[in-house]
Structure formats: C-alpha cells, structure tokens
Amino acid sequence: AKDWGQNLHVLGSASCVPTHSAVSAALQGTPLSATLSMVMSQCCRKIKDTVQKLASDHKDIHSSVSRVGKAIDRNFDSEICGVVSDAVWDSRERQQQTLQMAIVEHLYQQGMLSVAEELCQESTLNVDLDFKQPFLELNRIVEALHEQDLGPALEWAVSHRQRLLELNSSLEFKLHRLHFIRLLAGGPEKQLEALSYARHFQPFARLHQREIQVMMGSLVYLRLGLEKSPYCHLLDNSHWAEICETFTRDACSLLGLSVESPLSVSFASGCVALPVLMNIKAVIEQRQCTGVWSHKDELPIEIELGMKCWYHSVFACPILRQQTSDSNPPIKLICGHVISRDALNKLINGGKLKCPYCPMEQNPADGKRIIF
C-alpha cells in the first residue's frame, strides 16, 4: 500500500494519473499508455499478493477449526434421545409443555421477569397469577436487600413470624440485628436511636442472648470508633450476603419452593448421569436386552450424583435389595432391625416372624412403620 501511494504521488506530480476517460478508453479496446500499463500491472500484482496471503491465513484458520469439529464429533454423541425411555412422556406436547414450564419457573426464580413474560406469550403458555406471585414478592424483597434496604424484608418476616418460628428460623432476629448494626455505623449521633431500637431484641433474648450481649457491648466503643474496636467484625459487608441467603432459604421453605432452580439442578444432574446412561445404552444395544427400563419414573441403574443432590432419605431393604416406597414402607422390628414390609410378609412362618439378623422371634404385628 505504501509503494502504491508513492507511485501515485510520482505519477500525480508528473500529471500522468489516469483519468476516468483514459480508463473508459482502455475498457473499450484502446491501447494503454506505458504509464497506465505500469500502474495497472502494479495494482494487479498487489491484489494477487493480498489474495494469496488471505488464502494462506484462511487455510491455517480452517485447519484449526476443522480439527475442533472433528474432536467434537469424536467425543460427543450427536443423538442422546435414545438414553431416555419412550414411556417417560405421555406425549410430545406434554414433554414440550413441561420443558417450557421449567424454563419459565427458572426465569422467575432468577429474577428475569420480563423474559419469563415474553416466553409465556410466545409459547402460549398459560401461567396463573398464583404461581407467579411468590416469585414476584421474593424478587422484590431480595432486590431491596441488595440495595441494603431492610424495610420490605422486615415487614415480610413480621407478617410470617409464627410460621418462621415453627421452622426454627432466626431470620427476623438477623434482620433486626443488621438494622441495629447500621445504626451503630452511624456513630455517636445514632447512639440513642440504637438504644431505643434494641427493644426489638426482647422476644429473642432467650435464643440469641450471646449475640445481643455482643451488640450491646459494642456501644462502649461507639465514641472511639467501632471500626478500631474489638467489635469491628460487626461492620463486615458479608452480613448483607448472609441475610440475602438466609431470607431466600427460609422464604422458599415457607412458601414450598425450592431454593435452587429445579431446571439448574436437573441440568447439573443430567450432565453427571448422561455419560453413565450412554454406556448403558451401548450395552443394551450390544446385548440386545429388552425390558431393562421397565419403570416410567425410575432409572435402570443407580447413578451416584454426590451429596449435593441428596434431598431426602432413602432406605433400601437389606433382604430384598429394593428401595422402599409408600406401598412398601420400612418396618422396624422389636429387636431394632429394619426391613421392608414385603420382606416381613415373606419371612412370616406359622404366624411368627424370626428376624433374619438376630434371630429374635416376634409377632409380625409388633413391627412399626418408620417414616424418614
């Protein structure tokens, strides 16, 4: 480009730059002058070199991209629908509706309300206001907490005080404590207001005596500066993150909602379980097994997802090696051993039951159902 500019400068100074009429004449078959021929040849050579360089660079990039594509094809299965039993879904429409509802619930839980509303409109999904209302209220309060506004959360906690106490929740106390700490951060000017607000701790004195003593002791250092006192930890910003987490957990428990999005949990669990299911699928196809996946709501094998995905206790009968259910609950014998009801019925002989472990003889009617 630099050489081309220099050539134009030389030609321009010599008044030899080809005009529009000269180019038109060349296109019509008129012989080119020596100067114009030189300019055109240099231009063509520059274009050719540029095109060759671009082609060479593109070749290197294309080679790298093609290797990535081959690696993806080699390590990933493009079709994974076969790992799921066809009997899981009643119909294609039911499957699509369930997925859309899971996505909408995830968007509401993450606070992306406008996106959720747009999805409902485009998918013609009918979501009741009763379903949306808890998410709208939770997001409003959590957003206020992020802005360090305790008012909406305190109002909600007071209105649900009795139910929170039944859950052994300390949410209301933590909210009052955080408000008291904000007053302490205001310095000596807020001392009287802080002392007056301390009356809110009275209902929590029995359960949170130690925390209340610490906060009241911090008043001694208020004039000297709380940030340079033994109570400086009260001003830590981590308290705001903690109160957001506590409110979300307790509010979801109170409203019957999951703390984590069901879609996020399902996706994370699926990423762990999918490789195992792919191997099972290959074995089934290789050995031509049928009837392995006979239960609609149960996987053909047990897949370990880690303690993070443990949501309820599971008891497997040590005799029949089957997981207990509502129709086949665990039964505790007099001797303390636990077996399933089906196992108990199979072990009855002559109206008596002999424990398979002790073995202590007992009346089958003395067994008691256990609820985990």
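A cavity is a set of grid points where a 1.4 Å probe fits but cannot get out. With that in hand, let's work through two exercises on this predicted model.

**Exercise 1. The enclosed space**

Task: Find how many cavities of 30 Å³ or more there are, and which residues line the largest cavity.

Solution:
- Step 1. Start with the count: there is 1 cavity of 30 Å³ or more.
- Step 2. Add the volume: the largest cavity holds about 50 Å³ of space.
- Step 3. List the lining: Lys174, Arg177, Leu178, His239, Glu242, Ile243 and Thr246.
- Step 4. Assign elements: helix H9 (171-185) and helix H12 (238-255) each give two or more residues to this lining. H12 provides the largest share, 4 residues.
- Step 5. Sort by class: the lining of the largest cavity has 3 charged, 2 polar and 2 nonpolar residues.

**Exercise 2. A pair of helices**

Task: Work out whether H4 and H6 run roughly parallel or roughly antiparallel, and which residues meet.

Solution:
- Step 1. Look at the axes: those of helix H4 (residues 92-109) and helix H6 (residues 129-146) come within 9 Å and cross at roughly 25°.
- Step 2. Apply the cut-off: angles under 35 degrees count as roughly parallel, so H4 is roughly parallel to H6.
- Step 3. Find the contacts: on the H4 side are Met101, Glu105, Tyr108 and Gln109, and they meet Phe131, Lys132, Phe135 and Asn139 in H6.
- Step 4. Sort by class: the contact of H4 with H6 has 4 nonpolar, 2 polar and 2 charged residues.

Key. Residues numbered from 1 in each chain as written. Predicted model: local features only at pLDDT ≥ 70, side-chain atom pairs only at ≥ 80, totals over all residues. Heavy atoms only, no water. 1 Å grid on protein atoms, 1.4 Å probe; cavity = no way out; pocket = protein on both sides within 12 Å on 5 of 7 lines; lining within 4 Å. Points joined across faces, edges and corners; volume = space filled by probe spheres on them. Nonpolar A, V, L, I, M, F, W, Y, C, P; charged D, E, K, R; others polar. Axes fitted to C-alpha atoms, helices over the stretch in contact; angles between N-to-C directions. Parallel < 35°, antiparallel > 145°, perpendicular 65-115°, else oblique. Contact = heavy atoms within 4.5 Å.
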